[in-house]
Structures are given as C-alpha cells and as structure tokens.
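Me: I've got this one open and would like to go through it strand by strand. What ground rules apply, and what kind of model is it?

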Amino acid sequence: MSKPKNAFEIFLLLDKSNCAKCGEKTCLAFAGAAYLGRRKVTDCPKVDWKALDWFTGEPEEGINQEPSPEDRLEKLKSEIVHLELAEAAERVGAEYSGNKLTLKVLGKDFSVDAKGNLTSEIHINPWVAAPFLSYILYGRGLPVSGRWVPFRELKEGRDRYPLFQKRCEEPMKKVADIYTPLFDDVVHVFGGKQVEKQFESDISVVLYPLPKVPVMICYWLPEDGMESSLHIFFDETADRNLDIGSVFNLGAGLAQMFTKIALRHGFDAGS
Ligand code: SF4
C-alpha cells in the first residue's frame with residue numbers, strides 16, 4: 001500500500017460515524033493517529049475497502065481520470081512562460097510590479113513571475129496553486145455577479161457533482177459536525193467573512209480563494225431529527241473565470257485545509 005500524503009486522505013476512507021469501535025473518540029482522531037503511524041487504517045472495522053484501493057493503485061471511478069494537482073501545476077507553470085504577465089494582470093484584476101503578478105489568495109499575497117516561479121505568504125498547496133495559475137492563464141476576469149449557484153449548475157458541473165459531493169461537501173460537513181467553531185476559525189485564518197444567512201442556512205461564510213471566484217459555504221445544523229447539511233456555492237460567473245477542474249480543486253483544497261484545522265484542535269481537545 002502506498003503511503004497517504006496526509007491525514008485527510010485517510011479520513012476520506014472512513015465511515016465518519018464516530019462510532020468509536022476503533023477505540024478513538026472520532027474518525028478525525030483515528031485518521032490523525034493512522035497518519036502518524038500509531039494505528040493501522042485497517043483497525044477501523046468500517047473502513048471503505050473499495051476506496052482503500054485508491055492507495056493500492058486500483059482506479060477509483062472518476063478520480064484517476066483527472067491529472068493530479070501536482071501534475072497540473074507543473075504543466076501550467078510551463079505555460080506561464082508564454083504569457084504576457086502585465087496584460088494578464090489587467091484582465092484578472094491583479095497587480096503587476098517587479099516583473100511579478102500578485103493577487104490575493106484566501107486573503108494573502110500570492111505571486112508568479114515570468115518563469116512560473118511561485119511565491120506566497122501562505123503554504124503553496126498544489127490544490128490552490130494550480131487554480132491560481134489557471135485563473136491567470138485562462139480566466140476571463142468577469143466581475144462577480146452576486147448570484148450564487150451550486151457546483152452542479154456550473155458548466156460541466158453536473159457530471160462531476162457526485163464526486164464534488166464526496167471529495168468536498170461531505171468531508172467539510174463531517175468536520176463541521178465534529179468541530180463546531182470551524183467557521184469562526186475559517187473566517188479568521190482565510191480572511192473570509194460571515195455573511196447574512198443564505199438559503200435559510202444557520203451559518204453562511206464567504207471565502208475568496210481567488211479575487212473573482214468567491215466561494216460561499218452554507219451549513220444547516222441538525223434539527224427535529226433531520227441531519228445537518230453543508231453545501232458549497234459559487235458565483236454564477238465561476239465557470240468562465242476558472243475552468244471546472246480548477247473550481248473542483250479549489251473545493252477539495254478547502255476541504256483539506258478545514259480538516260487540518262479540525263485535526264489540530266481535535267488533538268488539543270483530546271490532550
Ligand atoms: S474510524 Fe471507524 S471505528 Fe473509528 S470511529 Fe470512525 S468509523 Fe468508527
């Protein structure tokens with residue numbers, strides 16, 4: 001079995017029911033322990049054996065058909081060298097100075113130079129860096145319309161929506177269910193803002209992974225025997241300011257970051 005890259009990849013394989021049959025209080029705690037080598041993934045009696053094939057190289061439908069964010073990032077870097085950065089900056093609403101194009105990613109400066117070298121105030125995560133380059137290369141720079149739509153309503157979003165739910169919305173919901181201060185942390189860490197509650201949700205938060213591609217996360221608390229739910233919305237212009245694969249990667253990247261925040265706090269709470 002190849003080694004998972006982070007605890008989030010293990011968390012995705014779990015049932016997420018927090019049944020405690022593995023001896024850990026939560027699936028998040030188990031994922032962290034398994035990643036650190038203190039537990040085996042197979043110690044969870046409910047581990048998803050089909051998904052476990054992901055680590056053994058067997059194709060999981062829909063996932064391995066896309067290039068990895070790392071491969072995509074390298075390809076996009078090679079394309080940047082042919083781009084006139086000053087013109088691109090004007091198109092996408094970025095700054096251009098010192099031969100570098102700079103814009104805000106999750107509230108922090110993120111830059112690229114004419115050779116494709118990336119610099120940032122935050123960790124350069126390929127799930128975010130690849131969409132950043134795609135936005136500069138191919139984004140149309142349309143102004144944000146203010147009309148929120150779900151992923152499945154974006155162009156080419158319908159077919160990918162089941163996977164988007166599985167890799168983005170479901171993990172985020174599980175994290176929010178377990179670690180309720182998540183949204184305050186997210187606003188603080190990623191320069192987001194809590195907005196007026198949308199679609200009758202209990203919490204609505206807007207983040208800016210790219211200036212003209214805002215993301216709104218809405219969370220509904222459990223009520224009257226109904227489960228909680230979480231949905232991610234995009235501005236209706238998102239599929240023209242960014243290709244759909246990059247929109248997907250942004251969602252998956254955010255889900256990873258949220259899980260890391262919760263894992264950090266989960267370990268604190270358990271200590
Ligand atoms: S990791 Fe498995 S056994 Fe442990 S709490 Fe989660 S589902 Fe239950």
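Reply: Two strands pair if DSSP finds at least two bridges between them; strands (E, at least two residues) and helices (H or I, at least four) are DSSP runs numbered from the N terminus. Residues count from 1 along each chain as written, and side-chain values use heavy atoms, without hydrogens or water. Local features need pLDDT of at least 70, side-chain atom pairs need 80 or more, and totals for chains, interfaces and linings use all residues, since the model is predicted.

Me: In what order do the strands of the 5-strand sheet come?

Reply: This sheet is open, and its pairing is antiparallel. At its edges are strand E5 (148-150) and strand E6 (193-194), each paired on one side only. Reading across, the order is E5-E9-E8-E7-E6.

Me: Which residue in E9 stands opposite methionine 216?

Reply: Strand E8 (residues 213-220) and strand E9 (residues 229-235) run antiparallel, joined by 6 bridges. Methionine 216 has its opposite number in E9, and that's phenylalanine 233.

Me: At about what angle does helix H8 run to E7?

Reply: Start with helix H7 (residues 157-178), which lies across E8 and E9 at about 125 degrees to E9; angles run from 0 to 180 degrees between N-to-C directions of axes fitted to C-alpha atoms, for helices over the stretch in contact. Helix H8 (residues 182-189) packs on the sheet too, touching E6, strand E7 (203-210), E8 and E9 (contact means heavy atoms within 4.5 Å). Its direction and that of E7 make about 30 degrees.

Me: What's the average twist in the sheet of 4 strands, from one strand to the next?

Reply: That open sheet has the order E1-E2-E3-E4, with antiparallel pairing. Strand E1 (95-97) and strand E4 (118-120) are the edge strands, pairing on one side only. From one strand to the next, the twist averages 25 degrees.

Me: Which residue in the turn between E2 and E3 has a positive phi?

Reply: E2 and E3 run antiparallel and share 6 bridges, with leucine 103 standing opposite phenylalanine 110 in E3. Their hairpin leaves 2 residues between the strands. The positive phi there, about 50 degrees, belongs to leucine 106.

Me: And in the hairpin of E3 and E4, which glycine takes a positive phi?

Reply: Strand E3 (residues 108-113) pairs with E4 in the antiparallel sense over 3 bridges, and serine 111 faces threonine 119 in E4. There are 4 residues between these strands. The one with a positive phi near 90 degrees is glycine 116.

Me: Which helix lies across E2, E3 and E4?

Reply: Strand E2 spans 100-105. The helix across E2, E3 and E4 covers residues 126-138 and runs at about 65 degrees to E3. It's helix H6.
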